[in-house]
Structure formats: C-alpha cells, structure tokens
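Q: Please take a close look at one part of this protein: a strand, what pairs with it, and what surrounds it. A connected account would serve better than a list.

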Amino acid sequence: MVKRTDYKAALMSIHPEFAQLILDGKKRVEFRKTRFSLDISYVVIYATAPIKKVIGYFKIQKIQVAAPTELWKSYKEVAGIDKGAFQNYYGDMNQGVAIEIGEVYQLSQYIDLEHISKSLVAPQNYIYLEKDSFDSIRSC
C-alpha cells in the first residue's frame, strides 16, 4: 500500500514550447487551475506531442493560490506567456495556482513513459509519481 509520504513528485503534461522555456530558464512559473492535494517537492516535465517524453524536472520553490488578476500582477514578467493566453486559460475562474519554478534539471536523454512504468500514461493535467519512479528519472 502506498502512503501519502511515498510521493514527492508530480508528472505534469506541458506543451513543448512552454517546457523548453522552463528548461531555458525563461519561464519561471507554471500556472494551473487546481492545486496539488499532496505535498509535492518536484514537478517532472512531460512534453506533450510531438515530443511525448519526459524531458526534465524542477524543484517547486513556492505555490501561490490567488485570483488570476493577482497572479498575473505577480508573475507576468516570468510567465512565459502573454496576457491574452493567460486570460483565455483562466476564463472566468475566481482562483488560480502559480507554481514557482526553482532549480531546473534537464535530462541528458529524454525518457518514454513506458520506461518509467509499464502502466504510466500521459496525464491530462498531472499525476503523482511514486518515489521509485521519480528516483529512476533523477538517475538519468
């Protein structure tokens, strides 16, 4: 049985252009609509099509939950997206989540999900990774 403490990372689907901006240090925040329900220290970056691989991971520096207008004020300089895309993403939502990106680690070789776990599939948003799975990614 997996305990809540066995998780320390989430696998997150990110469009390739934004994933690359994170790896390049130009995007220092990842916006999401919902907050993690578990205590997560790292986000593993799964670059969506056409790449469809794990390409790196980052340490979470801080998570802020606030109104989208407040998030934009705080993070617009490091958002890696323009205001229109930001507003379209949140629409009429009252609350959003900003995941501040700390140290970033690019993998020397990108990894197929099946090499991490045969049952792992690309998440719509994110999924929690068990410690063993995350440790195998970190060793690449």
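A: **Strand E2 and its surroundings**

Strand E2 is covered on both of its faces: Val29 and Phe31 are buried on one side, and Glu30 and Arg32 are buried on the other. The model is a predicted one, and the description that follows should be read with that in mind.

The pairing of E2 comes next. Strand E5, residues 96-111, pairs with E2 in the antiparallel sense over 4 bridges. Within E5, Ile99 is the bridge partner of Glu30.

Before E2 in the chain, Lys27 sits in the loop between helix H1 (16-23) and E2. This lysine has a relative accessible area of 3%, which is under the 20% cut-off, and therefore counts as buried. A polar atom of the Lys27 side chain lies 2.9 Å from the backbone oxygen of Ala79. Leaving out residues up to four places away in sequence, Lys27 touches Phe18, Leu21, Ile22, Val78, Ala79, Gly80 and Ile101.

Met12, a residue of strand E1, brings several of these elements together. Met12 counts as buried because its relative accessibility is 0%. Beyond its neighbours within four places in sequence, the contacts of Met12 include Glu30 and Arg32, two of the buried residues of E2. Ile99, the bridge partner of Glu30, is also in contact with Met12, as are Phe36, Asn125 and Tyr126. Thr34 is 22 residues from Met12 in sequence, and their C-alpha atoms are 12 Å apart in space.

The contacts of Met12 also include Val43, Val44, Ile45 and Tyr46, which leads to strand E3. In E3, residues 42-47, 6 of 6 residues are buried. Tyr42, Val44 and Tyr46 point one way from the strand, whereas Val43, Ile45 and Ala47 point the other way. E3 pairs with strand E4, residues 53-66, in the antiparallel sense over 6 bridges, and Lys59 of E4 is the bridge partner of Tyr42.

The hairpin of E3 and E4 has 5 residues between the strands. Two backbone features are found in this loop. A cis peptide bond, with omega about 10°, joins Ala49 to Pro50. Lys52 takes a positive phi of about 55° although it is not a glycine. The relative accessibility of Lys52 is 49%, so this residue counts as partly exposed.

The account returns to E2 by way of the largest pocket. This pocket holds about 400 Å³ of space, and 15 residues line it, with His15, Glu30, Phe31, Arg32 and Tyr89 nearest its centre. Strand E1 (7-14), strand E2 (29-32) and helix H3 are the elements that each give two or more residues to the lining. By residue class, the lining divides into 7 nonpolar, 5 polar and 3 charged residues.

Helix H3 spans residues 83-90, and at its start a side-chain oxygen of Asp82 comes to within 3.2 Å of the backbone nitrogen of Gly84. Just after this helix, Gly91 takes a positive phi of about 55°.

In summary, E2 is covered on both faces, pairs with E5, and gives residues to the lining of the largest pocket together with E1 and H3. Met12 of E1 is in contact with Glu30 and Arg32, as well as with Val43, Val44, Ile45 and Tyr46.

Key:
Residues numbered from 1 in each chain as written. Predicted model: local features only at pLDDT ≥ 70, side-chain atom pairs only at ≥ 80, totals over all residues. Heavy atoms only, no water. Polar contact = N/O pair within 3.5 Å; in protein donor to acceptor, adjacent residues only side chain to side chain. 1 Å grid on protein atoms, 1.4 Å probe; cavity = no way out; pocket = protein on both sides within 12 Å on 5 of 7 lines; lining within 4 Å. Points joined across faces, edges and corners; volume = space filled by probe spheres on them. Nonpolar A, V, L, I, M, F, W, Y, C, P; charged D, E, K, R; others polar. Buried < 20%, exposed > 50% of the residue type's maximum accessible area, 1.4 Å probe, protein only. Contact = heavy atoms within 4.5 Å. Pairing = 2+ DSSP bridges.
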